[in-house]
Amino acid sequence: MNEFATILSYAAPVALAAIGETVVERSGVIHIGIEGGMLAGAFFAMLTTYATGSPWLGIGVGVVVGVLLALLSAVFCVTLLADQVVIGTAVNLLAIGLTRTLFALRFGASGQLLSVEKIPSMNGLDAVTIGTVILAVLVHLALTRTGWGLATRSAGEFPEATEAAGYSVAKLRYGALAFGGALAGLGGAYLSLGIAGSFADNMTAGRGFVAIAMVTFGRWKPVWALLASLLIGWVDSLQFTFQTKGWDAPFQLFVALPYLVALLVLAGVGRGANAPAALATPFRRSR
Amino acid sequence: MNQRAFLLSALAALVLIGCSAPAGKPSGEAPKEEPFKVALLTPGPVSDAGWSAMAYEGLMAIKDELGAEVNNQEAGGTQIKDAMRSYARQGYKLIFGHGFEYNEPGMEVGKDFPDTVFVSSSGGQTATNVGAFRFYLEQGFYLAGAMAGKMSKSGVVGMVGGDDVPSIRSTFKAFRAGVLAANPNAKVQEVFTGNGQDPAKAKQATEQMIAAGADFVIHQANAAAQGVFDACKEKGAYAFGANADQNANPSGAVIASAIIVGKPAFVALAKQVKEGTFKGGIALMGMDKGAIDFVVNPAMAAKVPADVTAYVDELRKQIVDGKLTVPKDEF
């Protein structure tokens, strides 16, 4: 049980971002910028907790920052019909530069090892990890059992029909991006306040990109995205165990292990995947 | 569409602001007489609270004590030569590359700029205007290993590395030698996370190391080190600080630190260059020169048995006197 709680905890940042990104992609937008959303969430969550001593306030700020960055993307991707991959990349660069600059301004150019208050946990479980599991189920129900879910999914499949049915594709996509941004921010905040209790320059280290892969891995289904994140998280924890055994093999092999597994699974299930038909296609409303 | 163009350019501006590093400003208006200019190239961000931060603090000491005009940037791989040439063209007199990988480019660029001195942290080649100084941090790691080997109850100790680079491998080798000298039956575990900026990974690696029996852990994880310390605190193991004196870390898990005293070495080097007495060559900066130290955390000194303190002090004396040569890799 404790073992599972540990894996869940280390996998939670990726899982949260992946659940959020699932909704975003279902609405027809691919948001590469969740890496930046996580990093900004991690930084501002740490900064808030450092200043106030309250990790919960930090988590809240992390979520808000994630939403704001996602809305910035939404302006360009949804309203201005810009290329989603380019905008996402720009948002990532913005987040890296912004957090690095502010980190240096606040804590000195040479950096500091920071130790901030972490969110409380019992037996390795805490509110965020439990919430992650519940959230995956709730998002699944919302996507499959509600009118909002149907409308959002249709915006990702055939947006013309969504508009014809009286919905605004733009509003649905804004909503999905904001939700995805909130979860990316939460994932980042949990990384700095739930796991590390610290912050380092660019500490998300590609977890946002892994989350995007987990969406595909999970076949655009939130519960499967969570399970995929757990599987990769478990393999990731194995690699350290392998390394401590002192086998005569380059450690890079072990570090690459989770990605190797992801690649193999994707190669197996990738064909005929139920990707949203209108994914990454800006929707121009006809007049 | 006007609005769209405006917003796009606004984003472009934001990205530009975001990308600009907080480093010193490039030399703006040309002053009357040429000031003494020193540049630093680092393999990673200087905010790593470790390896690159140490060099940055050295650079700041050069600025404060010699009144030099300084600048620094991150440069790796193919960027190194470009960065060196651009500094040399701007009249920088000393260009310091913080790593062995700056030695070879220094040799090449140095031929074209005989009036500029190129110095790297370690590296084997030298010319009249190219040199290296190598911090013998292995000595500090050896003493940490000796202490861990004597004090470990489980007989298992661990090392957590961030990036896999030869300088880190070399310190780990010395730590291992120190442990085995103190306790030939000890087991030394080694884990690399592949990232010195990821405290979550470092923490996970350390937790697993402790679960496998380690009760002393040393790190070479730069900014990710907090993860190592926190894991040690939560699971009840001792940690060693590295590069800088990390004894005061709020985790309270750091029993001692193997440190580089970099500032004097940087200032002395810059002084040589400024006065024109630099002749090239490779300097080994060890405990005998006061550039390396091993400091026990005063708050935890009571936890170190007297015989262990005596043992470590004896080894330290042998190292300073040159009777004991700590193993190190050449790179």
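In this predicted model, the second largest pocket encloses about 500 Å³ of space. Its lining is made up of 30 residues, and those closest to the centre of this second largest pocket are Pro43(B), Trp51(B), Val165(B), Ser167(B) and Ile168(B). The largest pocket, for its part, has a volume of about 940 Å³.

**Second largest pocket**

- Two or more lining residues of the second largest pocket come from each of α2 (51-66), β5 (130-135) and α6 (166-182), elements of chain B.
- By class, the lining of the second largest pocket comprises eleven nonpolar, 14 polar and five charged residues.

**Largest pocket**

- Of the 37 residues that line the largest pocket, Thr6(A), Tyr10(A), Glu207(B), Glu234(B) and Lys235(B) are the ones that lie nearest its centre.
- At least two residues of this lining are supplied by each of α1 (2-26), α8 (169-196) and α10 (222-244) in chain A, and likewise by each of β7 (187-192), α7 (199-211) and α8 (225-235) in chain B.
- The element that gives the most to the lining of the largest pocket is α1(A), which contributes seven residues.
- The lining of the largest pocket divides into twelve nonpolar, 14 polar and eleven charged residues.

**Nonpolar surface patch**

- Ile130(A), Ile134(A), Val137(A), Leu138(A) and Leu141(A) together make a nonpolar patch of about 420 Å² on the surface.
- Ile130(A), one of the residues of this patch, is found in helix α5 of chain A, which covers residues 127-145.
- Ile130(A) counts as partly exposed because its relative accessibility is 42%, a value that lies between the 20% limit for buried residues and the 50% limit for exposed ones.

Definitions and conventions:
Residues are numbered from 1 along each chain as its sequence is written. Chains are lettered from A and ligands numbered from 1 in the order in which they are written. This is a predicted model: local features need pLDDT of at least 70, side-chain atom pairs count only at pLDDT 80 or more; totals for chains, interfaces and linings use all residues. Side-chain values use heavy atoms; hydrogens and water are left out. Patches are made of residues with over 30% relative accessible area and no salt bridge: like charges are joined within 9 Å, nonpolar side chains (Val, Leu, Ile, Met, Phe, Trp, Tyr) within 5 Å. Accessible areas come from the Shrake-Rupley method with a 1.4 Å probe; for residues, only the protein chains shown count as cover. A salt bridge is a side-chain nitrogen of Lys or Arg within 4 Å of a carboxyl oxygen of Asp or Glu. Helices (H or I, at least four residues) and strands (E, at least two) are DSSP runs, numbered from the N terminus. Buried means under 20% relative accessible area, exposed over 50%, partly exposed in between (1.4 Å probe, protein chains only). On a 1 Å grid over the protein atoms alone, a cavity is a set of points where a 1.4 Å probe fits but cannot get out, and a pocket is an open set with protein on both sides within 12 Å along at least five of seven lines; lining residues have an atom within 4 Å of a point. Grid points are joined across faces, edges and corners, and a volume is the space filled by probe spheres set on the points. Ala, Val, Leu, Ile, Met, Phe, Trp, Tyr, Cys and Pro count as nonpolar, Asp, Glu, Lys and Arg as charged, and the others, Gly among them, as polar.
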